[in-house]
Amino acid sequence: MTDMHFIKGATSAGTSGRSQNVYNPATGAVTSSVPLASAAEIDAAVAVAKAALPGWANTPPAKRAQVMFKFRELIIKNLDRIAELISTQHGKTLDDAKGEVSRGLEVVEFACGIPHLLKGEYSAQVAGAVDSYSLRQPVGVVAGITPFNFPAMVPMWMFPMALACGNTFILKPSERDPAAPLYLAQLLSEAGLPDGCMNVVNGDKEAVDALLDNPDVAAISFVGSTAIGKYIYGRGCANGKRVQALCGAKNHMIIMPDADMDQAVDAAMGAAYGSAGERCMAISAVLAVGDDTADQFVSALAPKVRALKIGQYDEPGVEMGPLITRESKERVTNYINQGEADGAEVVVDGRGLSLQGYEDGFFVGGTLLDRVTADMSVYRDEIFGPVLSVLRPKTYEEAVNLVMTHEYGNGTAIFTRDGDAAREFANNVNVGMVGVNVPIPVPVAYHSFGGWKASMFGDHSIHGMEGVRFYTKLKTVTARWPSGIKDGAVFNFHSGSETK
């Protein structure tokens, strides 16, 4: 089995001669390989998308919506297949994978309303016999560079909106788990999308640089780490492209003394350890205000973390799978080691986890660190693993200051019964997405997703109306028409020298 490129409506093995292994993270075994495109292959795919652009851009929005409606039906019909492709290459549980597809499906459903979303504004008689109106038109050929942790959802946050707006699309998915996005492209073709409008090209840095440098790529959407996001934003903008780069995170959850502790514990459990913590909206730092609050929280959470059922995605009752690669496992383990060396209390230790039959898998057990301080790397850095750090600020003000002064500003949450505190926090915190008694405040598809500070570069968030704005250019027309003939029908010809 080999994962392929998808160009002009057909799969392709590529011509670069380079490839990379794809693993089952639960066993460590190689399950397939994926071709890595050369710059020339990227340029050829862009040329295909450019050739398909005029026809698709001039297709009425209602007809583009019909493709999205059919695509929606095919996703629902093939949900189990898509989830299995995700789980076999990423490692997340089947339920988690199905949830991922469902959140992506919401964006497809939002894109089905594109005729309404593209409506412009009209002002009659802005001056004598002069009208003015606005149009939203496609940007052109656009590209998406997406991460391993949501191989279906994140691409679906991009290409349905881009295509519905009349653009053509080049997707460069993660080479670690490329099967699901490839299959989605095939479903789009089955839904009636013309060949060349949606292309999937696998690759590494060479492919990314080719997209950033190709003059026919008008816009780039990216989701991934902050370091790479900065690079993509800088190089893309320098080449005159529109760029949105959604990057790293360190998401805080404040627990006030008056919070419903059972609710807070259950929320933190899912938000910290779901998908093995490999998500940019994971809660990785709990700020329990006051020692009594922290003691209650840690004592209630610890047994739940110890009881996590960990294993391969298809095992009955499994709640958490492995990390994506051996390197990820080593990185997360090193962070735990450093946290312990810095003085954090390791309440639940996920290091050294070995499961019978999966001894070579990339597993790290759920880890709970208490008495973490703001100078520790386990607090400062995005670990991207099943590690939750508990800090003990003495006051609400101290907790908020930790959130406000951290370099990342993706998501945050507060758990409290105090409406005044919650409202003040939501209004004033410098973070892009805020939850009130909601641990992972990912907006629904008709709102937009995006962080602040080092968590995002660019002016437009993803999906929702911000997605429409990113994938379209605004044009304003001011028109005056000469007076028509109001004297009735004319039955004779006039010579060229006559004025009437």
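This is a dialogue on how to read the cores, sheets and helices of a predicted model.

Colleague: Let me begin with the interior: which residues of the largest nonpolar core touch the most other members?

Modeller: The general idea is that in soluble globular proteins nonpolar side chains tend to be buried together. Here the largest nonpolar core holds 68 residues, and Leu163, Phe169 and Met198 touch the most other members. Helix α6, residues 153–164, gives the most to this core, with ten residues. Apart from this core lies another, of 65 residues, which includes Met261, Ala264, Ala271 and Val378.

Colleague: What is Leu163 in contact with, once its neighbours within four places in sequence are left aside?

Modeller: With those neighbours set aside, Leu163 is in contact with Trp56, Arg64, Met68, Thr168, Phe169, Leu188, Leu193, Cys197 and Met198. Two of these contacts, Arg64 and Met68, appear again among the buried residues of helix α2, which are Arg64, Ala65, Val67, Met68, Phe71, Leu74 and Ile75.

Colleague: What covers the buried residues of α2, and how does the span of this helix compare with expectation?

Modeller: The cover over the buried residues of α2 includes α1 (39–57), α3, α4, α5, α6 and α7 (179–190). As for the span, the 17 residues of α2 should extend over 24 Å at 1.5 Å a residue, and the end C-alpha atoms are 25 Å apart, which agrees.

Colleague: Which residues of α4 are buried, and which helices do they pack against?

Modeller: Helix α4 covers residues 94–111, and its 18 residues reach 26 Å from the first C-alpha to the last, close to the 26 Å expected at 1.5 Å a residue. Its buried residues are Asp96, Ala97, Glu100, Val101, Gly104, Leu105, Val107, Val108, Phe110 and Ala111, and they pack against α2 (61–77), α3 (79–90), α5 (114–117), α6 and α16 (464–470).

Colleague: Turning to sheets, what is the strand order in the open sheet of seven strands, and which strands stand at its edges?

Modeller: Strands of a sheet pair through backbone hydrogen bonds, either parallel or antiparallel. In this open sheet of seven strands the order is β14-β15-β16-β13-β12-β18-β19, and the pairing is mixed. The edges are β14 (345–348) and β19 (433–436), each of which has a single partner strand, so one side of each is left without a neighbour in the sheet. From one strand to the next the twist averages 20 degrees. Helix α15, residues 419–428, packs on the sheet and touches β12, β18 and β19, its direction making about 170 degrees with that of β18.

Colleague: Where can I see parallel pairing in this sheet, and where antiparallel?

Modeller: β12 and β13 (residues 283–288) pair in the parallel sense over five bridges, with Ile254 standing opposite Leu287 in β13. By contrast, β14 and β15 pair in the antiparallel sense over three bridges, and the bridge partner of Val348 in β15 is Leu368.

Colleague: Are the faces of β12 covered or exposed?

Modeller: Both faces are covered, with Asn251, Met253 and Ile255 buried on one side and His252 and Ile254 buried on the other. His252 also appears in the surroundings of Thr412, a residue of strand β18 (residues 411–415): not counting residues up to four places away in sequence, Thr412 touches His252, Val403, Phe425, Val429, Val431, Met433, Val434, Gly435 and Pro441. At 0% relative accessibility, Thr412 counts as buried.

Colleague: Is Asp370 buried or exposed, and which side chain makes a polar contact with its own side chain?

Modeller: Asp370, found in strand β15 (residues 367–370), has 3% relative accessibility and therefore counts as buried, since the limit is under 20%. Its side chain makes a polar contact with the side chain of Arg392, at 2.8 Å. Beyond residues up to four places away in sequence, Asp370 touches Val298, Ala344, Glu345, Val347, Val390 and Arg392.

Colleague: Finally, what is the order of the three-strand sheet, and how many bridges join β6 and β22?

Modeller: The three strands form an open sheet in the order β5-β6-β22, with antiparallel pairing. β5 (122–127) and β22 (472–480) are the edge strands, each with a single partner, so one side of each is left without a neighbour in the sheet. Neighbouring strands are turned by 30 degrees against each other on average, direction ignored. Strand β6, residues 130–138, pairs with β22 over nine bridges, and Tyr133 stands opposite Val477 in β22.

Technical notes:
Residues are numbered from 1 along each chain as its sequence is written. This is a predicted model: local features need pLDDT of at least 70, side-chain atom pairs count only at pLDDT 80 or more; totals for chains, interfaces and linings use all residues. Side-chain values use heavy atoms; hydrogens and water are left out. A nonpolar core is a set of buried Ala, Val, Leu, Ile, Met, Phe, Trp, Tyr and Cys residues joined through side-chain atoms within 4.5 Å. Buried means under 20% relative accessible area, exposed over 50%, partly exposed in between (1.4 Å probe, protein chains only). Helices (H or I, at least four residues) and strands (E, at least two) are DSSP runs, numbered from the N terminus. Contact means heavy atoms within 4.5 Å. Two strands pair if DSSP finds at least two bridges between them. Axes are lines fitted to C-alpha atoms, for helices over the stretch in contact, and angles run from 0 to 180 degrees between N-to-C directions. A polar contact is a pair of N or O atoms within 3.5 Å; within protein, one must be able to donate a hydrogen and the other to accept it, and residues adjacent in sequence count only if both atoms are side-chain atoms. The expected span of a helix is 1.5 Å times one less than its number of residues.
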